Structure formats: structure tokens, C-alpha cells
Amino acid sequence: MSGGANQYLVDPLQRFGTTVFAQMSALAIKTQSINLGQGFPDTDGPSEVLEAAVSAIHSGKYNQYPPGIGHPELRHAVAEHQKRFWGLDFDPDAEVLITAGATEALTAAILALVGPDDEVVTFEPYYDSYAAAIAMTPGRRKVVTLRAPDYSFDPAELAAAFGERTKVLLFNSPHNPTGKVFAQAEIELIAKLCVEHDVIAVTDEVYEHLVFDDNVHLPLALQPGMAERTVTISSGGKTLSVTGWKIGWACAKPELLKAVQTAKQYLTFVSGGPFQPAVALGLGLGDDFFAGLAADLQAKRDKLCEELTAAGFEVNVPQGTYFVTADIRPLGFDDGIEFCLGLPQRCGVVAVPCQVFYDNPEAGAHMVRFAACKQDDVLDEAMRRLAALKS
């Protein structure tokens with residue numbers, strides 16, 4: 001979906017072009033469709049967090065460059081958050097780095113750690129920036145497929161992906177786009193392979209608080225032997241519903257974090273000064289806020305799954321995140337790109353084709369992704385429109 005070749009763009013990035021999210025969001029605007037493609041909420045986060053950002057701007061203390069590692073208020077809040085929720089211990093002055101969202105943290109980590117002929121193991125489908133970040137290095141990507149409907153993987157396939165060239169595991173749980181929350185046994189196997197092969201894990205945990213039912217988020221860094229070899233990454237965007245602020249962080253042991261910071265400082269240097277103390281306040285909100293966030297998203301998930309099923313999709317019920325993936329074959333389609341490009345004209349709704357998140361697109365060609373993080377009346381109208389697909 002990225003269009004034709006660009007004569008000025010280096011070969012490793014030719015396949016990327018404009019992201020699928022930007023393309024589908026532009027299509028939503030062009031066709032005046034409901035955008036269930038891009039994963040951002042259509043309501044703002046907690047009012048006290050928004051007011052804290054405004055106060056920070058007017059205070060005159062936060063409008064210039066923050067420290068290279070981030071404002072101390074946020075670094076300490078991140079460390080306290082990691083301890084409070086996950087039992088992870090980080091020194092806020094040496095083991096926490098504030099970044100321009102999780103995407104910058106992930107990209108900086110890959111740029112810092114991956115050299116010539118190094119291999120990066122990741123699961124597919126993957127968030128599209130993973131492939132682009134790896135393509136900017138002299139390393140190579142190796143993928144292990146998560147297979148619908150439960151998005152399980154073959155342990156033997158994962159073990160075979162690790163070898164003498166493996167340098168980094170790029171790992172995402174709760175997982176975008178599938179909504180999978182990796183289970184204890186899976187986490188243990190992944191950690192065991194990282195330790196055996198002396199592999200660094202870079203973990204994307206931005207949906208850490210968006211976990212449903214009886215599922216539990218399990219940070220990889222908690223596993224035996226993983227604390228010293230894991231870069232744990234998250235952000236305030238999803239948890240606090242302020243995705244446009246782009247405030248993220250990376251946490252790791254000092255020498256490992258310093259490597260990430262070395263690359264990061266030449267990407268944005270610093271960013272989001274007034275937003276940093278506001279996110280710090282948000283991370284310190286009470287347990288009722290975090291529980292309410294998950295409960296609200298779970299109710300939206302249930303609504304979306306029920307209505308998509310009624311519309312004729314075969315739905316994979318997610319264990320976490322903003323997203324629901326659905327099989328379009330019961331509706332007579334088998335090409336997600338073709339289906340999603342035509343969906344706005346057919347019923348005025350935009351979704352994202354999952355095959356763009358695969359190295360092996362045939363594994364996900366029949367799957368599309370919908371975002372549940374919208375107001376109830378928006379979801380209701382989208383479902384009313386999608387019901388026409390079955391008629």
C-alpha cells in the first residue's frame with residue numbers, strides 16, 4: 001500500500017513509503033467515513049492531566065529544552081510506576097530515559113544495538129515501525145508467525161529463529177495488531193532463549209494497562225536472567241489517552257540504556273517539555289483510574305466483537321489492546337487490502353488490512369483490524385453501517 005518507488009529513497013526503505021495508518025486515515029477523510037483504522041481514542045485523557053500540561057506551559061519552567069534524559073519528575077514517576085505495577089526496580093537517574101513516544105525509544109534501541117549481519121527476531125504480524133527501524137540498520141529481520149485464531153506460535157519455530165547471529169529480540173505484549181497477551185509459559189520460553197543465546201530483548205509494552213478478562217501483563221524483564229538484558233519501553237499516550245503528546249520512555253541497566261540514549265539524542269535530542277510533568281502526574285493516579293480504563297476498553301471490545309460477528313465477520317476476541325482482528329472470508333473476501341480499500345465506498349467505515357504487518361502476507365491476507373477505542377455512539381454508528389455487508 002506504500003505506492004511506487006521513490007528515486008531518492010535508499011533501497012532498504014523503498015517498501016515503506018507512507019504508513020498504512022496515514023493512508024487509511026486520509027481515505028476516511030476523503031470519503032467522510034468512520035475511522036476504525038488508526039488506533040487513537042476520540043476523547044481526551046483525565047482533565048487533571050490536561051490541566052497539568054497547561055500549568056506547566058504557563059509556569060515558564062518547562063518550555064525550553066528538558067534534560068537529555070528527561071525531566072526528573074517524569075523519570076521518578078516512571079520508576080515508581082514500574083515498581084508499583086510490575087515490581088521492576090529502576091534507578092530514575094541512571095536507568096530511565098524519556099523519549100518522543102515509544103516509537104522513538106524502539107527505533108533508538110534498534111539503531112544502537114544492531115550492527116552488520118546481526119539478526120533481530122520478532123513476531124509477525126508486527127507494528128509497522130519495527131520493520132522500518134530494522135531496515136535502517138545493517139542487520140536483518142527474522143520473523144516467527146503468530147497464527148489465528150488464537151495467535152499461538154510454534155515453539156520449535158521460535159527456537160529455530162535464534163542462532164549465532166541473533167542480537168536482539170523485539171517483543172510486543174500486549175500485542176498490536178492481534179490483541180494477544182503472551183502467557184506465562186510463552187514468556188518463560190522467550191526468556192530462556194534470550195539467555196541461552198545471549199540476546200538483548202527490546203520490549204514494547206505500551207498497552208500494559210489495557211488487558212482484559214483474566215489475562216495478566218507479564219514484563220519480560222522479570223524473568224530470570226532478563227533484567228540485565230532487557231530494554232523495557234512504554235509511553236503515556238495509550239494509558240492517558242494523549243497519543244499526540246508523544247511522551248515515552250525506555251528503562252534498562254545503565255550501560256544498556258546509555259547505548260540507547262546515544263542513538264536517541266541524535267533523533268529528537270529532547271521533546272515535549274511541558275507534557276512531561278503532566279504525564280508524571282498521570283502515572284501517579286489512583287488504582288481506580290487504571291482499573292476503569294481497562295474496564296471501559298473491555299466493554300468497547302465486547303460491543304465491537306458482538307457487532308462484527310453479527311455483521312458476518314469471524315472475530316478473534318482480543319485479550320488486550322485497542323484492537324479487534326476479524327476474518328473477512330465468511331463475507332466472501334480473501335484479500336484484506338482490496339477489502340479495506342473498498343469498505344469506505346461500501347458502507348462508510350475504515351479498517352486496516354493486517355497483511356501489511358507480515359513478511360509472509362499470505363498468513364494474514366484474510367484478516368483486518370478494527371480499533372475499539374472510540375465513543376460508544378461512534379461504534380454504534382459504525383456497526384450499523386457494517387451490518388449492510390451481510391445484507
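Colleague: Which residues of β3 point one way, which point the other way, and are they buried or exposed?
Modeller: In this predicted model, Glu119, Val121 and Phe123 point one way from β3, while Val120, Thr122 and Glu124 point the other way. Buried applies to all of them. In a regular strand the side chains alternate between the two faces of the sheet.

Colleague: What makes β3 an enclosed strand?
Modeller: A residue is called buried when its relative accessible area is under 20%. In β3, 6 of the 6 residues are buried, so the strand is largely enclosed by the rest of the structure.

Colleague: Why are β3 and β4 called paired strands?
Modeller: Pairing requires at least two bridges between two strands. β3 and β4 are joined by 6 bridges, so they pair; the two strands run parallel. Glu119 is found opposite Arg140 of β4, and Phe123 opposite Val144 of β4.

Colleague: What makes β2 and β4 the edges of their sheet?
Modeller: The sheet is open, with 7 strands in the order β2-β8-β7-β6-β5-β3-β4 and mixed pairing. β2 (96–99) and β4 (140–145) each have a single partner strand, so each has one side without a neighbour in the sheet. On average, neighbouring strands of this sheet are turned by 20° against each other, direction ignored.

Colleague: Which helices lie on or across this sheet, and how are they directed relative to β2?
Modeller: One of them is helix α3 (residues 72–86), which lies across β2, β7 (230–235) and β8 (248–251) and runs at about 115° to β2. Helix α8 (residues 254–264) packs on the sheet and touches β2, β6 (200–204), β7 and β8. The direction of α8 makes about 20° with that of β2.

Colleague: How do you know that helix α5 is largely enclosed?
Modeller: For helix α5 (residues 128–135), 8 of the 8 residues are buried, so the rest of the structure largely encloses this helix. The buried residues are Asp128, Ser129, Tyr130, Ala131, Ala132, Ala133, Ile134 and Ala135. Their cover includes α1 (20–31), α4, β3, β4, β5 (166–172) and β6.

Colleague: Why is Gly115 called buried?
Modeller: The cut-off for buried is under 20% relative accessible area. Gly115 has 15% relative accessibility, so Gly115 counts as buried. Gly115 is located in the loop between α4 (101–113) and β3 (119–124). Beyond its neighbours within four places in sequence, Gly115 is in contact with Pro138 and Gly139.

Colleague: Which residues touch the most other members of the largest nonpolar core?
Modeller: That core has 59 residues, of which Phe313, Phe370 and Leu386 touch the most other members. Another core, of 41 residues, lies apart from it and includes Ala131, Ala133, Leu210 and Ala263. With residues up to four places away in sequence not counted, Phe313 touches residues including Leu308, Ile328, Phe339, Phe370 and Leu389. In soluble globular proteins, nonpolar side chains tend to be buried together.

Colleague: What makes a space in this model count as a cavity, and how many are there of 30 Å³ or more?
Modeller: A cavity is a set of points where a 1.4 Å probe fits but cannot get out. The count is 1 cavity of 30 Å³ or more. The largest cavity has a volume of about 40 Å³, and its lining includes Pro66, Pro67, Ile98, Lys264, Phe269 and Gln276.

Note on methods. Residues numbered from 1 in each chain as written. Predicted model: local features only at pLDDT ≥ 70, side-chain atom pairs only at ≥ 80, totals over all residues. Heavy atoms only, no water. Core = buried A, V, L, I, M, F, W, Y, C linked by side-chain atoms within 4.5 Å. Buried < 20%, exposed > 50% of the residue type's maximum accessible area, 1.4 Å probe, protein only. Contact = heavy atoms within 4.5 Å. Helix = DSSP H or I, 4+ residues; strand = E, 2+ residues; numbered from the N terminus. Axes fitted to C-alpha atoms, helices over the stretch in contact; angles between N-to-C directions. 1 Å grid on protein atoms, 1.4 Å probe; cavity = no way out; pocket = protein on both sides within 12 Å on 5 of 7 lines; lining within 4 Å. Points joined across faces, edges and corners; volume = space filled by probe spheres on them.
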